[in-house]
Amino acid sequence: MKGIVFTEFLDMVEKKFGIEVVDHIINESKLQSDGVYTSVGTYDFVEMQSLLINLSKKVDIPLDGLIYNYGLYFFNVLTSVHPGIFALYKDPIELLSSIENHIHVQVRKLYPGAELPTFKIEKKNEDHLEILYFSERAMYMFAKALMEKTFEHYDQGSEIRLEKIEDDGTKVRFVISKKHGAYQQN
Ligand code: HEM
């Protein structure tokens, strides 16, 4: 997992819960990196899992909710670090259906060693997208947050439902619909 995912995560934890909580989860997690991350480095995903589990225990918020909130936060990082990629798309469904063949392809060049999910489009029209998510990291709540924020980025409302195909979340179907009418945040 890329260092930017760790550095931004720890920034978020500091902003939301304070530096003491950052220190606490780093100490509890017994990390090979000692909790020292550079944004261009690559670190073991197990470290992110331990940090999340210890944060969940410390602040008493379920893991899914923490990962979802981190996705909301990380989207803002993506739009500020990579505005050019977002500028290429005029529509959220076009953007989401291009992650696999365009966006994450660019990401692999920009972030060597990135561990990315695989997306497979099942159904697509201008108002609706069904897409399968595959990843051994099972970060489907992170994906859901990024998808919702993508719609918000284009001032559009969305309704995003997920169906776990594998119980452990390594294979998930997203059923995504545009919501017409006034922009509404989920
Ligand atoms: C400009 C747009 C984007 C950029 C630059 C980008 C970049 C990245 C980077 C750097 C990572 C971390 C890789 C690692 O830690 O090794 C990542 C992971 C991920 N990205 Fe993207 N991404 C973009 C858009 C999106 C969007 C719109 C989605 C929506 C679903 C998405 C879904 C994910 C997921 C779910 C992961 C977590 C890894 C996993 O599930 O296995 N990305 N992305």
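These legends walk through several close-up views of the ligand and its surroundings in a predicted model.

**View 1. His104 meets the iron atom of the ligand.** His104 is the only protein donor of the iron, through NE2 at 2.2 Å; donors here are N, O and S atoms within 2.8 Å of the metal (3.2 Å for Na, K and Ca), and water is not among the atoms, so sites may look incomplete. The histidine belongs to helix α7, residues 99-110. Helices (H or I, at least four residues) and strands (E, at least two) are DSSP runs, numbered from the N terminus.

**View 2. Oxygen atoms of the ligand have polar partners in the protein.** Polar contacts are pairs of N or O atoms within 3.5 Å. Ser135 brings a polar side-chain atom to 2.5 Å from a ligand oxygen, and Arg137 does so at 2.9 Å. With Glu115, look to the backbone instead: one of its polar backbone atoms is 2.6 Å from an oxygen of the ligand.

**View 3. A shell of 28 residues surrounds the ligand.** Each has a heavy atom within 4 Å of it. Lys2, His104, Glu115, Tyr133 and Ser135 are the closest. The shell holds 21 nonpolar, four polar and three charged residues, where Ala, Val, Leu, Ile, Met, Phe, Trp, Tyr, Cys and Pro count as nonpolar, Asp, Glu, Lys and Arg as charged, and the others, Gly among them, as polar.

**View 4. Four helices help to line the shell.** At least two residues come from each of α5 (83-87), α6 (92-96), α7 and α8 (140-153). Helix α8 gives the largest share, five residues.

**Notes for all views.** Residues are numbered from 1 along each chain as its sequence is written. Local features need pLDDT of at least 70, side-chain atom pairs count only at pLDDT 80 or more, totals for chains, interfaces and linings use all residues, and side-chain values use heavy atoms, leaving out hydrogens and water.

Technical notes: A polar contact is a pair of N or O atoms within 3.5 Å; within protein, one must be able to donate a hydrogen and the other to accept it, and residues adjacent in sequence count only if both atoms are side-chain atoms.
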